[in-house]
Amino acid sequence: MPESRRPNRGPSAAAENRAALVAAAREVFASAGYNAPLSSVARAAGVGQGSLYRHFPDRISLAMAVFEDGVTELEALAARPGTTLDDLLALLTEQAITSTAFIEMVSARPSEPDPRIIDVRDRVSRVLAGVLGDARRAGHVRDGVSADDLVLVVGMLAGVLARTPAPDRRATAGRVWALLREGIVP
């Protein structure tokens, strides 16, 4: 069966192709994992592999583009007045349920991490740090728990969810948070 690609519209389609690749990568990585074949991403986006590599020279570039959307969403939520740590953790949990590969990638601590991953992890940590003081004062977080600790906790959650069948992830996330809150909440 021939692949169904959109007709090549040249450079005028670059932004549309990039958006299609990011959306396809989000779906493919969520269902098949971070190491899914990039040809699957190109096929799901309806573009050729040449288009994929013009926009994203390597797997991590594509993954970072997908993760960027999630971090931007997190930053937008944090900028809203009245946003709590629970609100941010709920969004991160939802992102972990649907995109375990990305959360796991950012929370991992390889010996020589890619600087792009460090930048994203630092952005997430800064967002969490911005509301951590209020959460402490309200008695929702123990003294000594840092934003980096929370990034680690979300990474632990993602690690569990990555090995959990998709239909069971939401319930598993609830159970994990119930257990983790014992160590976070005074």
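**Ser61, the helix 5–helix 8 packing and Ala166**

The side chain of Ser61 makes a polar contact, at 2.8 Å, with the side chain of Arg116 (a polar contact being a pair of N or O atoms within 3.5 Å, where within protein one must be able to donate a hydrogen and the other to accept it, and residues adjacent in sequence count only if both atoms are side-chain atoms). The model is predicted, so that local features need pLDDT of at least 70 and side-chain atom pairs count only at pLDDT 80 or more, whereas totals for chains, interfaces and linings use all residues. Residues are numbered from 1 along each chain as its sequence is written, and side-chain values use heavy atoms, with hydrogens and water left out.

Ser61 lies in helix 4 (residues 59-79), helices being DSSP runs of H or I of at least four residues, numbered from the N terminus. At 13% relative accessibility, Ser61 counts as buried (under 20% relative accessible area, with exposed over 50% and partly exposed in between, for a 1.4 Å probe and protein chains only).

The axes of helix 5 (residues 85-98) and helix 8 (residues 147-162) come within 9 Å and cross at roughly 30°, the axes being lines fitted to C-alpha atoms over the stretch in contact and the angles running from 0 to 180 degrees between N-to-C directions. The two helices are therefore roughly parallel to each other, a term for angles under 35 degrees.

Ala166, in the loop between helix 8 and helix 9 (169-184), counts as exposed at 53% relative accessibility. Ala166 and Ser31 are 135 residues apart in sequence, yet 8.0 Å apart in space, C-alpha to C-alpha.

Notes
Parallel < 35°, antiparallel > 145°, perpendicular 65-115°, else oblique.
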